[in-house]
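Student: I would like to learn how to read the features of a helical model, taking them one at a time. Could we work through an example together?

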Amino acid sequence: MQDVLPIILFTLANSLTPGPNNIMLTASGAAFGYRRTIPHILGIAAGFPLMTLAVGLGLGRVFALYPALHEALKWLGAAYLLYLAWRVATAGRPENAASAKPLTFTEAALFQWVNPKAWTMVLSAVPAFTTVGGNYDAELLTITAVFAALCIPSASLWCAFGMAIRRLVSDPASLRAVNYALAAAVALSVVMLFI
């Protein structure tokens with residue numbers, strides 16, 4: 001347990017602080033409620049650990065060898081984040097209620113690959129919590145298991161925060177202002193890709 005505790009604390013510190021996933025979950029909770037956000041939550045819970053395994057098994061080295069591939073992913077991520085910001089800005093507006101929909105499982109899982117905070121977290125955790133000469137496979141599986149175990153509770157908390165905002169903000173103009181603020185936060189995270 002003492003070997004796992006630092007990974008748990010690292011994961012909690014990173015998964016409970018604002019970032020693109022959490023802002024999107026807050027917006028989805030506010031616009032659609034918990035039940036309709038479940039595919040989004042499960043997509044994160046599947047996509048993020050899968051990304052962790054892929055990086056741990058060598059994808060990080062591929063990016064080191066081919067920086068242009070990493071740069072292309074960064075630009076793709078920026079474009080996708082701006083698209084998601086637009087979706088947040090237009091979510092839950094009365095005139096769009098019939099056509100608005102939360103992220104799907106697949107969209108949320110794929111989003112992990114262009115999420116700058118997810119990349120930072122994985123690229124920090126894998127080298128930090130594995131040891132030279134240790135049982136690398138077991139350490140990588142432990143990191144991945146902790147990430148997977150804490151994804152759903154953390155994502156659910158952010159979704160619940162969005163639902164609480166929705167209860168406090170009942171008129172369409174206020175809801176639109178909240179959506180615009182959340183969309184601006186997602187768009188602002190694009191800056192993180194280029195700093």
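Tutor: What follows is a short dialogue on the overall fold, one helix, its surroundings, the aromatic pairs and the cysteines. Please keep in mind throughout that this is a predicted model.

Student: Let us begin with the overall fold: how many helices and strands are there in the chain?

Tutor: The chain holds 7 helices and 0 strands, and, read along the sequence, this gives the pattern α-α-α-α-α-α-α. Of the 195 residues in the chain, 46% are buried.

Student: Turning to a single helix, which residues of H1 are buried, and how should I read their arrangement?

Tutor: The buried residues of H1 are Ile7, Phe10, Thr11 and Ser15. When one looks down the axis of H1, these buried residues fall within an arc of 115°, so they line one face of the helix.

Student: And which residues form the nonpolar patch on the surface?

Tutor: The patch is formed by Leu5, Leu9, Leu12, Leu16 and Leu157, which together have about 420 Å² of accessible area. Helix H1, residues 5-15, contributes the largest share of the patch, namely 3 residues. Leu12, which is one of the patch residues and lies in helix H1, has a relative accessible area of 31% and is therefore partly exposed, since that class runs between the 20% limit for buried and the 50% limit for exposed.

Student: How far apart are the C-alpha atoms of Pro6 and Ala128?

Tutor: Their C-alpha atoms are separated by 10.0 Å, although the two residues are 122 residues apart along the chain. Pro6 belongs to helix H1 and is partly exposed, with a relative accessible area of 37%, whereas Ala128 belongs to helix H5 and is exposed, with a relative accessible area of 54%.

Student: What describes a pair of aromatic rings?

Tutor: In general, such a pair is described by the distance of the centres and the angle of the planes. In this structure the count comes to 5 aromatic pairs. Among them is the pair of Phe10 and Phe129, which is edge-to-face, with 5.5 Å from centre to centre and 70° between the planes. This pair links distant parts of the chain, with Phe10 in helix H1 and Phe129 in the loop between helix H5 (116-128) and helix H6 (136-168), 119 residues apart. Phe10 is among the buried residues of H1, while Phe129 is partly exposed, with a relative accessible area of 22%.

Student: How should I read the pair formed by the rings of Trp158 and Phe161?

Tutor: The ring centres of Trp158 and Phe161 lie 6.0 Å apart and their planes stand at 90°, so this pair is edge-to-face. Trp158 and Phe161 are 3 residues apart in helix H6, which means that about one helical turn separates them. At 15% relative accessibility Trp158 counts as buried, whereas Phe161, at 45% relative accessibility, counts as partly exposed.

Student: Finally, what is a disulfide, and how many disulfides does a search of the whole structure find?

Tutor: A disulfide is a covalent bond that joins the sulfur atoms of two cysteines. The search of the whole structure finds 0 disulfides.

Student: Are Cys151 and Cys159 buried or exposed?

Tutor: Cys151 counts as buried at 10% relative accessibility, and Cys159 is likewise buried, with a relative accessible area of 0%.

Conventions:
Residues are numbered from 1 along each chain as its sequence is written. This is a predicted model: local features need pLDDT of at least 70, side-chain atom pairs count only at pLDDT 80 or more; totals for chains, interfaces and linings use all residues. Side-chain values use heavy atoms; hydrogens and water are left out. Patches are made of residues with over 30% relative accessible area and no salt bridge: like charges are joined within 9 Å, nonpolar side chains (Val, Leu, Ile, Met, Phe, Trp, Tyr) within 5 Å. Accessible areas come from the Shrake-Rupley method with a 1.4 Å probe; for residues, only the protein chains shown count as cover. A salt bridge is a side-chain nitrogen of Lys or Arg within 4 Å of a carboxyl oxygen of Asp or Glu. Helices (H or I, at least four residues) and strands (E, at least two) are DSSP runs, numbered from the N terminus. Buried means under 20% relative accessible area, exposed over 50%, partly exposed in between (1.4 Å probe, protein chains only). The arc is that of the directions from the helix axis to the C-beta atoms. Rings of Phe, Tyr and Trp (its six-membered ring) pair if their centres lie within 6.5 Å; planes under 30 degrees apart count as stacked, over 60 as edge-to-face and the rest as tilted. A disulfide is a pair of cysteine sulfur atoms within 2.5 Å.
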